[in-house]
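Work through the exercises below with the model open beside you. Try each task before reading its solution.

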Amino acid sequence: MIGSGIKRGTAELAVLSVLQDGPLHGYELARRIEQQTDGALRFTLAALYPMLYRMEQQRWIRGSWETSANGRWRRCYRLTPIGKKKLLPLQREWAELFRALQQLTKAAHA
Amino acid sequence: MPNWQEFVGQRLSGLALDVAEKEEVHAELSAHLEESYESLRAEGLAEQAAINGALSQVADWDKLGRQIQSARRRENTMTPRVNRLWLPSLVTLLVSIFLLPLLESLGLNPQFFFLVGHHDRTYGLSVYTVWLATLPFVGALGAYLSRRAGGTRRAIIISGTFPALAFFAVLLSVIPYMGLLEHRLDAGARSVFHTWTSEFRHLGVVAGWVLLPGACLLIGVLAYIQTLRRLTQRGVSSV
């Protein structure tokens with residue numbers, strides 16, 4: 001299980017990455033992240049929406065009311081061009097961080 | 001099943017946000033709780049256990065309220081209502097108004113229809129058919145702008161049909177003074193005006209400036225919503 005501090009840092013990356021595949025409403029977004037990370041990243045309602053609203057303020061994502069596949073009126077989020085631009089450097093930063101940590105742990109074991 | 005909307009509304013009643021924005025947050029969060037509850041029920045949990053499971057996602061509602069408020073604080077001074085309702089409505093109104101002289105300047109003048117009323121009196125009606133034909137696109141534009149800003153269904157419909165509502169408001173304020181206006185006209189103009197201010201006047205004016213344009217605008221709004229629904233059914237995943 002990943003600690004809460006790291007989770008917080010990766011949360012935005014997780015949201016942006018999942019929205020890359022298409023628009024989703026909040027509940028489905030949380031479910032998709034949980035499924036795709038085998039439960040390592042789990043968003044409760046209390047953690048998800050303040051973050052989504054903040055990301056919306058930063059114009060990384062945009063929410064709009066739409067009818068979902070099951071006919072319900074839901075607020076769906078999609079990536080904005082700013083969000084798309086933000087995603088690649090974020091992915092790179094996190095990849096570099098994990099690579100650095102791996103090297104560090106390898107060096108410690110050697 | 002609990003009334004999630006009411007539950008969230010009570011827990012987050014103190015949100016210091018614009019009324020529309022507050023309603024939106026309530027609707028969104030209650031939808032999330034409802035789906036969590038339904039998912040837990042589908043997994044076989046008893047009703048009370050599913051309710052508790054859904055509610056366990058929020059330990060402190062006051063804290064959540066503060067976090068939401070802080071996250072939604074606008075950097076710009078425009079409220080969501082301005083972005084989602086008033087701006088799209090204004091655009092729709094201006095476009096519909098300026099389209100009239102534009103079309104006329106292109107030679108697309110109104111068509112005249114003559115109706116025979118009481119005492120064989122003939123009433124002339126000018127119908128801006130081309131203008132009316134463009135209004136569905138104007139309605140769709142208003143709906144698009146409202147939705148793009150995150151407008152609710154109500155805001156989308158009002159934004160798209162706003163010109164008809166505005167015309168109606170103007171007519172309501174002008175109609176009482178029609179008689180006064182007629183009195184001030186010279187005899188020749190008065191006879192022309194009289195046909196306009198006859199027994200058909202209210203119906204004719206309201207139909208020409210409110211009902212017909214309103215219907216055309218609404219067609220555009222509904223077509224937009226329908227198109228969007230079809231697109232999202234293809235593109236938006238859901239449980």
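**Exercise 1. How many salt bridges are there between chain B and chain A?**

Start with the ground rules. This is a predicted model, in which local features need pLDDT of at least 70 and side-chain atom pairs count only at pLDDT 80 or more, while totals for chains, interfaces and linings use all residues. Residues are numbered from 1 along each chain as its sequence is written, chains are lettered from A and ligands numbered from 1 in the order in which they are written, and side-chain values use heavy atoms, with hydrogens and water left out.

Step 1. Apply the criterion: a salt bridge is a side-chain nitrogen of Lys or Arg within 4 Å of a carboxyl oxygen of Asp or Glu.

Step 2. Count across the two chains. The result is four salt bridges between chain B and chain A.

Step 3. Inspect an example. B:Glu24 pairs with A:Arg75, N to O at 3.6 Å.

Step 4. Widen the count. Over all chains, the rule gives 13 salt bridges.

**Exercise 2. Describe the interface from the side of chain B.**

Step 1. Count residues in contact (heavy atoms within 4.5 Å). Chain B supplies 39 residues and chain A supplies 35 residues.

Step 2. Take the buried area, which is the accessible area (1.4 Å probe) that two parts lose on being put together, summed over both. The two chains bury about 3,300 Å², with 55% of it on carbon and sulfur atoms.

Step 3. Count polar contacts. These are pairs of N or O atoms within 3.5 Å; within protein, one must be able to donate a hydrogen and the other to accept it, and residues adjacent in sequence count only if both atoms are side-chain atoms. Ten residue pairs across the interface qualify, both residues at pLDDT 80 or more.

Step 4. Assign elements. Helices (H or I, at least four residues) and strands (E, at least two) are DSSP runs, numbered from the N terminus. On chain B, helix 2 (19-42), helix 4 (61-71), helix 6 (129-148) and helix 10 (201-235) each give two or more residues to the side that touches chain A. Helix 2 of chain B provides the largest share, 13 residues.

**Exercise 3. Which residues form the salt-bridge network?**

Step 1. List the members. They are A:Glu56, A:Arg75, B:Glu21, B:Glu24, B:Glu28, B:Arg72 and B:Arg84.

Step 2. Take the pair within chain A. A:Glu56 and A:Arg75 approach to 2.7 Å between their closest N and O atoms. A:Glu56 sits in helix 3 (residues 45-57) and A:Arg75 in strand 3 (residues 73-79) of chain A, so the bridge ties together parts 19 residues apart in sequence.

Step 3. Move to B:Arg72. Its salt bridge with B:Glu21 has closest N and O atoms 2.7 Å apart. B:Arg72 lies in the loop between helix 4 and helix 5 (80-105) of chain B and B:Glu21 in helix 2, so parts 51 residues apart in sequence are tied together. B:Arg72 also meets B:Glu24 in a salt bridge, at 2.8 Å, N to O. That second pair is 48 residues apart.

Step 4. Check burial (buried means under 20% relative accessible area, exposed over 50%, partly exposed in between; 1.4 Å probe, protein chains only). B:Arg72 is buried at 2%, and B:Glu21 is buried at 3%. B:Glu24 is buried too. In chain A, both A:Glu56 and A:Arg75 are buried.
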